[in-house]
Amino acid sequence: MQKNYIALGLTSALLVACASTTTKEQSASSASASDAMVSSSAFSSASFATQQIKLLSPSGQSLTINAEVAQTTEQQEQGLMNRTTLADDAGMFFPFDPPRPVSFWMKDTLIPLDILYFDANGSFITSIAMQPCTSNDDSSCALYPSPAPVGSALEVPAGYVAQHQVGEGWKIVR
């Protein structure tokens, strides 16, 4: 099987990384070939465009994230790897076109993150708290899969989801 390292992932499909993350395309017995894995670890020279991303609550509350956009495979592989800080209103946005199942990991990511998964229409699917993995053994790093195909993922500082009570009914707007 083919192995392509993309910070934050060990699967037999495209792996995409989180906030300064790296995407890895690897084969792993626990993931299908159609899964995409995102990780936030190793450093790369990819530069990121920035964009303000809005999160809208069912009641009309709006939150703004100053996000770096991981558009290319190289950027998705790098993600938020090797970063030591992330501002409270900052994050990394991962668009997926076409939508697909994804899985992120935190290989070489130094800070804990929350990841939010959104469907192709921008509706919130779920969020997961992710912990750094600095192990030299890639197989010991946890995977954080989406429960369904996603149109985008957003990595934000750990605790963001709980602090702002982001959940069912929320939408993401680019």
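How many bridges pair strand β3 with strand β4, and in which sense, parallel or antiparallel? I looked this up in the predicted model and found that β3 (residues 49-56) and β4 (residues 62-69) pair in the antiparallel sense over eight bridges.

**Entry: the hairpin.** I recorded that Lys54 of the pair stands opposite Thr64 in β4. I then examined the connection, where five residues lie between the strands of the hairpin. Gly60 takes a positive phi there, near 100 degrees.

**Entry: another partner of β3.** I noted that β3 is also joined to strand β11 (residues 171-173) by three bridges, and that these two strands run antiparallel. Leu55 has Ile172 as its bridge partner in β11.

**Entry: the element order.** I counted two helices and 11 strands in the chain. Read from the N terminus, the order is β-β-β-β-α-β-β-β-β-β-β-α-β.

**Entry: the disulfide.** I found one disulfide, which Cys133 and Cys141 form with their sulfur atoms 2.0 Å apart. I accepted the pair because the cut-off for the sulfur atoms is 2.5 Å. The torsion about the S-S bond of Cys133 and Cys141 is about -75 degrees, so I entered the disulfide as left-handed. I checked both cysteines for exposure and found Cys133 and Cys141 buried.

**Entry: the chain as a whole.** I noted that 52% of the 174 residues count as buried. The chain exposes about 7,400 Å², of which carbon and sulfur atoms supply 49%. Among contacts with a separation of 6 or more, I recorded that 66% come from residues 24 or more positions apart.

Technical notes: Residues are numbered from 1 along each chain as its sequence is written. This is a predicted model: local features need pLDDT of at least 70, side-chain atom pairs count only at pLDDT 80 or more; totals for chains, interfaces and linings use all residues. Side-chain values use heavy atoms; hydrogens and water are left out. Buried means under 20% relative accessible area, exposed over 50%, partly exposed in between (1.4 Å probe, protein chains only). Helices (H or I, at least four residues) and strands (E, at least two) are DSSP runs, numbered from the N terminus. Contact means heavy atoms within 4.5 Å. Accessible areas come from the Shrake-Rupley method with a 1.4 Å probe; for residues, only the protein chains shown count as cover. Two strands pair if DSSP finds at least two bridges between them.
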